Amino acid sequence: MAMQARAFAVAGQPVEATRALSEAEASLHGPVTATSEWLSPFDVTSFAIEAARCLLRVGDLSESQRRLQSALAVSPADRVRSRALAQLMLVTVLLGRGQVEEACAATHVVLDEVVSLGSGVIIDQLRHASVLFGSHAKACTEVPPLLDRLHDTIRERSWLGTVGALQAGAVGDGHLG
């Protein structure tokens, strides 16, 4: 349902997106079906990220920010990847609202938390944040040192995407199978 809400948001149908988000949120409180050993459960933080994407797409930055901050306040510390994704979405929202200093602080928190996390998705989101911060480098003195830290982190962790691509290619060729 959250993915359907995102599709409505992308299609420029904010009323339908909001309705689908409400239905998805209501289902979070329903009974949990069988879990998979391969997938993490779709929890409050995961939903907040999807809801924030939809709300960002339809232009409701305030509600997007509120949902992300609420989810982060109750998100378990051991869900590092999920928390980092929510925090990085919050960075996007904060920058969209012109809250550059708050976005810098949130990014530093993410960088501190993902030191030992191996996630190509997180690296992609850090790259995205780097691009977004680029337009603020001259206006805010906090941004250039943050950009340096982001670039260093991305460079140090870039091997994640390379390893994944190599493994995918090797598996496809029958070499690692």
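This note goes through a predicted model point by point, from the overall fold down to single residues.

1. Overall make-up. The protein contains 9 helices and 0 strands, and reading from the N terminus its elements run α-α-α-α-α-α-α-α-α. Of the 177 residues in the protein, 38% are buried. Among contacts with a separation of 6 or more, 62% join residues that stand 24 or more positions apart.

2. The face of helix α1. Helix α1 spans residues 2-10, and its buried residues are Ala 2, Ala 5, Phe 8 and Ala 9. Looking down the axis of α1, one finds these buried residues within an arc of 115°, and therefore they line one face of the helix. The cover over the buried residues of α1 includes α2 and α3, the latter being residues 44-57. After α1 comes Gly 12, which has a positive phi, near 75°.

3. The pairing of α3 and α4. Two packed helices are described by the angle between their axes and the distance between the axes. For α3 and helix α4, which covers residues 61-74, the angle is about 170° and the axes are 8 Å apart. With that angle, α3 is roughly antiparallel to α4. On the α3 side the residues that meet α4 include Phe 47, Ile 49, Leu 55 and Leu 56, while on the α4 side they include Leu 61, Arg 67, Leu 68 and Ala 71.

4. Salt bridges within a helix. Side chains of opposite charge can pair when their charged atoms come close. Across the whole structure, a search finds 8 salt bridges. One of them joins the side chains of Glu 23 and Arg 19, with 3.2 Å from N to O. Both residues belong to helix α2 (residues 14-28), where Glu 23 and Arg 19 lie 4 residues apart, about one turn of the helix. An α-helix has 3.6 residues a turn, so residues three or four places apart point the same way. Glu 23 is partly exposed, at 36% relative accessibility, and Arg 19 is also partly exposed, at 39%.

5. A second pair within a helix. The side chains of Asp 152 and Arg 155 form a salt bridge at 2.5 Å, N to O, and in helix α8 these two residues are 3 residues apart, which is about one helical turn. Asp 152 is partly exposed, with a relative accessible area of 33%, whereas Arg 155 counts as exposed, at 56% relative accessibility. Elsewhere, Arg 6, Glu 50 and Arg 53 are joined into one network by salt bridges that share partners.

6. A salt bridge between helices. Which residue does Asp 112 pair with in a salt bridge? The partner is Arg 149, and the closest N and O atoms of the two are 2.5 Å apart. Asp 112 lies in helix α6 (residues 100-113) and Arg 149 in helix α8 (residues 143-157), so this pair ties together parts that are 37 residues apart in sequence. Arg 149 is partly exposed, at 28% relative accessibility.

7. The cysteines. How many disulfides does the model have? The count comes to 0 disulfides. Cys 140 is in no disulfide, because the nearest cysteine sulfur, that of Cys 104, is 4.9 Å away, and a disulfide needs the two sulfur atoms within 2.5 Å. Cys 140 is buried, having a relative accessible area of 7%, and Cys 54 is also buried, at 1% relative accessibility.

8. A buried serine. Ser 130 is found in helix α7, which covers residues 120-134. Is Ser 130 buried or exposed? Ser 130 counts as buried, because its relative accessibility is 10% and buried means under 20%. Setting aside neighbours within four places in sequence, Ser 130 is in contact with Leu 147, Leu 150, His 151 and Ile 154.

9. A loop residue. Where does Val 115 lie? Val 115 is in the loop between α6 and α7, and at 59% relative accessibility Val 115 counts as exposed. Val 115 and Arg 157 stand 42 residues apart in sequence, and their C-alpha atoms are 9.3 Å apart in space.

Definitions and conventions: Residues numbered from 1 in each chain as written. Predicted model: local features only at pLDDT ≥ 70, side-chain atom pairs only at ≥ 80, totals over all residues. Heavy atoms only, no water. Buried < 20%, exposed > 50% of the residue type's maximum accessible area, 1.4 Å probe, protein only. Salt bridge = Lys/Arg side-chain N within 4 Å of Asp/Glu carboxyl O. Arc of directions from axis to C-beta. Contact = heavy atoms within 4.5 Å. Axes fitted to C-alpha atoms, helices over the stretch in contact; angles between N-to-C directions. Parallel < 35°, antiparallel > 145°, perpendicular 65-115°, else oblique.
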